[in-house]
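Reader: I would like to test the labels put on a structure. Take me through the reasoning, one label at a time.

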Amino acid sequence: MLRYMSLMLEYLKNYIKTRLTYRADFWVEVFSDLLGQGMNLVFILVVFQHTPLLGGWSQSEVIFVYGFFMVPFGIFSSFFSIWNFSERYIVKGEFDRVLTRPAHSLFQVLLENIDPPALVGSFVGAIIMAVCWNDLGLVMHWTDLFVLIIFVLGAVFIYGGIYTGLSAISFFSDSPTGIVPLMYNIQNYGRYPVNIYNKMIRFVLTWMLPFAFVGVIPASYFLAPKDDNIAQLAMLTPVMGAIVFGIGLTVWNIGVKRYRGAGS
Amino acid sequence: MTRVYIDFIRMRFLMMLAYRVNYYSGIVIYAINIGAYYFLWKAIYGAQETLAGFSLEQMTTYLAISWMARAFYFNNLDRDIANEIRDGSVAIQMIRPYNYLIVKLMQGFGEGLFRFMLFMIPGLAIVCLIFPVKLPTDLTVWATYLGMLVFSFLINSQLNIMTGLFAFFVENNEGLMRMKRVMVDLFSGVIIPIAFFPGWLGSIMTWLPFQAITYLPSAIFTGRTPLSEAGHVFLIQFAWLTVLMIPIVIMWRAARQRLFVQGG
């Protein structure tokens, strides 16, 4: 554990050194990240110009859900930035280098691609949540902060598990490039009140690709109860996190065993 | 000379054809996106008949045609150009007896043709089967729309070329490219039709080139804008096409003075 912590520190130092080469670009990236997320916020704001409620949820509530979603998403984007895993590690053969080292392969791959600027999104998300918390006149219990941290961690692990599993598909298949953007789009569904979707999509979002657990379900715990009462599922967030990440990691480990190198 | 350029279209088209399998997953991704927004808009409409001049049926059609148009005009010219600037191969292209930027545009068009035939058309057919899309019956609407689509492609490519050329001046324009993608999606009207934007924001949009890419043609296609105003739309598109040429020429001239290759 201690060894992994010091490794992480070394990778971070490395990251800062490379990053300082393109200093101005750092801020452009932070800004473009925020703009991307701001776009979704603009969407919500414009939509509520035309309707008072969305599936029984008010504007502040939907924005609150979005603010919550931004927190785990920022952490996830910082530590699981492996969008080009297949291309960089499998096709170009860099995975061979990773395997010659004693630390766990996933840990190395994640740290080599670490992307801390994405954390700014988490801060902005937390601020958005705080503002909506105030707007909605919610009561703050001392336990809420603790619950919030657990939910955020659970959500990060759900994300991490799904993307680890997806990246691991590269070990089994030659051209898996199409799947990651697919998931990237499905996650959009999980941010809005799930009751607006039809039964099948709702089931998929809750139990198969549980993106509802990174946004609307845990966030609803803090809000006024709704007709479909999804808040009662909120406590399952950390459990889902553990299960999904466990599955992802298992798929990864099986994949690594099968890996034979690209032979370039 | 023209024959050389046409060959670039053909070559890119054939290259895309070789990797066509990746595009089948693209159709699924677009269908999923359209689905997400379809349910969202359905919830937004609720019991209301029309919003901002769109009936729900028109809105569904708008979503389908806008996303499918995006499938056609979207290209990675910005990334292409930035990569060639960074690895230095642009220097060789510059001394060849053709115009580098026109070659890029032709390659983009080859990709566009591919996407039109193997992505947009089958995608639209599939989307029409899944969602209640109502296509126009008037053939002149189709013809007009196709003409506008050519301008959509040209204007979007101009924006891409501009973003790509920035690599001459800022070394790493990764963040900038991401920012441009987000802005084009939001301001062109793929995510929200411009008519939904509140007053001041809407009037800013009418002074930006983005609406000419998606919103104006799609509004004609869905019948939100009557066909009699098509001439006006063409005029706006043509004006932007001309105006955007100016910064491109200026940047290209300046770039040739200050090309320096990083690594290479």
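Author: Start with helix H4 of chain B, residues 77-87. This is a predicted model. In this helix B:Leu77, B:Asp78, B:Ile81, B:Ala82, B:Glu84 and B:Ile85 are buried.

Reader: What puts these residues on the same side of H4(B)?

Author: Their arc around the axis. They cover only 165°, so they lie on the same side of H4(B). The general rule fits here: an α-helix has 3.6 residues a turn, so residues three or four places apart point the same way.

Reader: What covers the buried residues of H4(B)?

Author: The cover includes helices H5 (89-95), H6 (100-130), H7 (139-165), H8 (167-170) and H9 of chain B. After H4(B) comes B:Gly88, with a positive phi near 90°.

Reader: Why is B:Glu84 called buried?

Author: The cut-off for buried is under 20% relative accessible area. B:Glu84 has 16% relative accessibility, so B:Glu84 counts as buried.

Reader: What makes the pair of B:Glu84 and B:Lys104 a salt bridge?

Author: The test is a side-chain nitrogen of Lys or Arg within 4 Å of a carboxyl oxygen of Asp or Glu. The closest N and O atoms of B:Glu84 and B:Lys104 are 3.2 Å apart, so the pair passes. B:Glu84 sits in helix H4 and B:Lys104 in helix H6 of chain B. The two are 20 residues apart, and the pair links distant parts of the chain.

Reader: Is B:Lys104 buried or exposed?

Author: Buried. Its relative accessibility is 2%, and the cut-off is under 20%.

Reader: Which residue forms a salt bridge with B:Asp78?

Author: B:Lys180 does, with the closest N and O atoms 2.9 Å apart. That value is within 4 Å, so the label holds. B:Asp78 is in helix H4 of chain B and B:Lys180 in helix H9 of chain B, 102 residues apart. Both residues are buried.

Reader: How many salt bridges does the whole structure hold?

Author: There are 14 over all chains. One of them joins the side chains of A:Arg88 and A:Glu112, at 3.6 Å from N to O.

Reader: Why say that A:Arg88 and A:Glu112 tie parts together?

Author: A:Arg88 lies in helix H4 (residues 85-91) of chain A, and A:Glu112 in helix H6 (residues 105-112) of chain A, so the pair ties together parts 24 residues apart in sequence. Both residues belong to a network of salt bridges with A:Glu94, A:Arg97 and A:Arg101.

Reader: Why is A:Arg88 called partly exposed?

Author: Partly exposed runs between the buried limit of 20% and the exposed limit of 50%. A:Arg88 is at 24% relative accessibility, so A:Arg88 counts as partly exposed.

Reader: How do you know that B:Asp138 is partly exposed?

Author: The value is 37% relative accessibility, so B:Asp138 counts as partly exposed. B:Asp138 lies in the loop between H6 and H7 of chain B.

Reader: What makes B:Asp138 and B:Thr140 a polar contact?

Author: Their side chains are 2.6 Å apart. The limit is 3.5 Å for a pair of N or O atoms.

Reader: Why is B:Thr214 called buried?

Author: B:Thr214 has 2% relative accessibility, so B:Thr214 counts as buried. B:Thr214 is in the loop between helix H10 (199-205) and helix H11 (215-222) of chain B. Residues that B:Thr214 touches include B:Ser66, B:Tyr73 and B:Ser188. With B:Ser188 there is a side-chain polar contact at 3.2 Å.

Reader: What stands out in the phi of B:Ala52?

Author: Phi is near 50°, a positive value in a residue other than glycine. Most residues other than glycine have a negative phi. B:Ala52 is in the loop between strand E1 (50-51) and strand E2 (54-55) of chain B.

Reader: How many salt bridges lie between chain B and chain A?

Author: Zero. Four residue pairs are in polar contact there. On the chain B side, H2(B) gives the largest share, 14 residues. That side divides into 22 nonpolar, nine polar and four charged residues.

Reader: What area do the two chains bury?

Author: About 2,900 Å² between them, 71% of it on carbon and sulfur atoms. The contact takes 35 residues from chain B and 31 from chain A.

How values were computed:
Residues are numbered from 1 along each chain as its sequence is written. Chains are lettered from A and ligands numbered from 1 in the order in which they are written. This is a predicted model: local features need pLDDT of at least 70, side-chain atom pairs count only at pLDDT 80 or more; totals for chains, interfaces and linings use all residues. Side-chain values use heavy atoms; hydrogens and water are left out. Contact means heavy atoms within 4.5 Å. Buried area is the accessible area (1.4 Å probe) that two parts lose on being put together, summed over both. A polar contact is a pair of N or O atoms within 3.5 Å; within protein, one must be able to donate a hydrogen and the other to accept it, and residues adjacent in sequence count only if both atoms are side-chain atoms. Helices (H or I, at least four residues) and strands (E, at least two) are DSSP runs, numbered from the N terminus. Ala, Val, Leu, Ile, Met, Phe, Trp, Tyr, Cys and Pro count as nonpolar, Asp, Glu, Lys and Arg as charged, and the others, Gly among them, as polar. Buried means under 20% relative accessible area, exposed over 50%, partly exposed in between (1.4 Å probe, protein chains only). The arc is that of the directions from the helix axis to the C-beta atoms.
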